[in-house]
Amino acid sequence: MSEREQRIAVLGAGYVGLVTGACFAELGHAVVVRDILPDRIAALRRGEVPIYEPGLEALLGRNAERLTFTTDVGEAIEGADVVYVAVGTPPTYSGDADLSAVWTVIDELPDVERHIVVAMKSTVPVGTGEKVRHRLDARGLAHVGYASNPEFTAEGTAVKDFMEPDRIVIGAFEEADGDLIARLHDGIEAPIVRSDVASAEMIKLAANAALMTRISFINEIANVCEATGADVVKVAEGIGHDRRIGKSFLQAGVGFGGSCFPKDSLALKQLAANSGYHFQVLNAVIEVNELQKRRVIGKLTQLLDTLRDRRIALLGLAFKPGTDDTRESPAFVLAGRLLAEGAQVIAWDPVASSDGLSGVVQVDSVAEALRDADAVVLVTAWPELADVDWAALAPTMRTAVVVDGRNMLDPETMRAAGYRYDAIGRAATNGLD
Ligand SMILES: NC(=O)c1ccc[n+]([C@@H]2O[C@H](COP(=O)([O-])OP(=O)(O)OC[C@H]3O[C@@H](n4cnc5c(N)ncnc54)[C@H](O)[C@@H]3O)[C@@H](O)[C@H]2O)c1
C-alpha cells in the first residue's frame, strides 16, 4: 500500500456499509467489512451480494483483493486507521432514533493503544458524537479520534452518488482527524464541507428534511390541482425551470417511504421536541405524507364503487425504483389498507419481495398481475412500466382501470388504449366525472 492508502474497517454490511467499503476499496484503500450476520458475511465471501444495488456487485468483484469480510470485530479493527460505523439506526416506538447498534459497536471497540479515528456514517441525532466522545474518554480512549462523515447516497444510485457526490461533509473534534477523513476521499471530485461535529450531524438531518419537504409540498400542490382542475405535471415543469427552485423532488405521487426519510423525519421531529421545540413544518410534512399514501384508496373506491372482493394489481413493492428495499414502502401501506377493505391484492416487482406482507400474492410479470384485475395501481416508478404494452393488456383485465400513482404514463394514450385512467394531481387531463 502506498502512503495515501489507508486501512479502513467498516462496521455494518448493509446498504451503506457495503457501498462505503466497496467504494473505498475502489479508491485504493484496504477495507475490512464486519457484520454480525454470519450468513451475510459467508455470502459476501463467496462473492454473492446480499442486497440489490446497481453497480455494487461489479465494484466488489473488481476490488476483491482489497476487501475482506468478517464477523469478528477484533479482526476488523486490527491494523485499521479509520473505523466507519454504518449500522442501522431505526426508529424506536417514540420516533427517536434507536442507537443501540451504534452503542454496541462503540462498546465493542477493542482497547487500542494507537491513534485511530471512528467515523460515523450512520444517521444519528445531533449530539451523538459528543456522547460517543465522552464514552470513549471514560474508557481511557481519549487518543481515539471521532468524526461525523454523514452519508447522502440514495439507494438505486448509491455507488455513483458515493463516487460523484455533491459534497463531502466532515465534522471532527480534532482538525487532524478531519484531515485524515478528507484524505480517504482523494480521487473524488467534490466540495468538502468541514464543520464541528454537531453541525455535520445536523446537515444530514436537514438535507433529508429539505427533500421530504419538497415532496410533501408538491403532493399538496397536486391535491389542490385535483380540486381546482390543474395538472401538477405541468405545474412542476413550470416551477422547476425557476433556478431558485430547481426540478428535483417535484414529482407528485403516493408519498415517500424507504429506510431513511420516514425514520429521519421522525428522529428530527423528536430531537426538536426533546429540546423543547415544536418543528411545525416537519410535522406537516410527515402528516401530508401519511395521508398521501392513502389517497389512492379513495380514488379506487370512487372508480370501483367498493373495494370488497375487488382484485387490485399493485405494480411495484420497493419504496422506489432501483432498489429491493421495501422498508416503509408506500406499497406496503397500500396493500395493508386494501386487504383491510376486503380486496384481493396481486403484486409485481422486478426485484423486491412481498415477504412480510401476508395475504398478498406476488407474481412474476405485469401481464400476470393485470389478468382479471379490477384495477391496477402504479406504485413504484420502475422504468420498465413505461414500456409495457398497455393496449394489449387492457382486454385481459376485468375492468381496465388504472391509478397511476407516479404520473408515469400519458393520460391520452392510456385512455385511447381503453383504460379509465386517474393519476395524482392531473385533474386537467383526467377526463373523470
Ligand atoms: N440506506 C440508505 O440509502 C442510507 C443513506 C444514508 C444514510 N443511511 C444511514 O446509514 C445507516 C445504515 O443504513 P443501512 O440502510 O445500511 O442499514 P442496513 O439495515 O441495511 O444495514 C445495517 C447493517 O448493520 C449490521 N449490524 C448491526 N449491528 C452490528 C454490529 N454490532 N457490528 C456490525 N454490523 C452490525 C446489520 O446486521 C446490518 O447488516 C443508518 O443510520 C441509515 O439511516 C442510509
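**Exercise 1.** Find where Asp-325 sits, and work out whether Asp-325 counts as buried or exposed.

*Solution.* Start with the location: Asp-325 lies in the loop between β9 (311-315) and α13 (330-340). Helices here are DSSP runs of H or I with at least four residues, strands are E runs of at least two, and both are numbered from the N terminus. Next, the accessibility: Asp-325 has 3% relative accessibility, so it counts as buried. (Buried means under 20% relative accessible area, exposed over 50%, partly exposed in between, with a 1.4 Å probe and protein chains only.) Last, the partners: leaving aside neighbours within four places in sequence, Asp-325 is in contact with Tyr-15, Glu-155, Ser-259, Ala-318 and Phe-319. Contact means heavy atoms within 4.5 Å.

A word on the ground rules: this is a predicted model, where local features need pLDDT of at least 70 and side-chain atom pairs count only at pLDDT 80 or more, while totals for chains, interfaces and linings use all residues. Residues are numbered from 1 along each chain as its sequence is written, and side-chain values use heavy atoms, with hydrogens and water left out.

**Exercise 2.** Do the same for Lys-204, then check how far Lys-204 is from Asp-264.

*Solution.* Lys-204 belongs to helix α9 (residues 197-228). With 6% relative accessibility, Lys-204 counts as buried. Now list what Lys-204 touches, skipping residues up to four places away in sequence: Thr-123, Pro-150, Glu-151, Phe-152 and Asp-264. For that last partner, the C-alpha to C-alpha distance from Lys-204 is 9.2 Å, across 60 residues of sequence.

**Exercise 3.** Describe how α11 and α12 pack.

*Solution.* First get the geometry: the axes of α11 (residues 261-274) and α12 (residues 280-304) come within 10 Å and cross at roughly 150°. (Axes are lines fitted to C-alpha atoms, for helices over the stretch in contact, and angles run from 0 to 180 degrees between N-to-C directions.) The pair is therefore roughly antiparallel, a label for angles over 145 degrees. Then pick out the residues: Ser-265, Leu-266, Leu-268 and Lys-269 of α11 meet Leu-282, Asn-283 and Ile-286 of α12.

**Exercise 4.** Set these pieces in the whole fold: how many helices and strands are there, and what percentage of the residues count as buried?

*Solution.* Count the elements: the protein has 17 helices and 14 strands. Then the burial: 53% of the 433 residues count as buried. Finally, the box: the C-alpha atoms fill roughly 75 × 50 × 40 Å along the principal axes.

Methods: Parallel < 35°, antiparallel > 145°, perpendicular 65-115°, else oblique.
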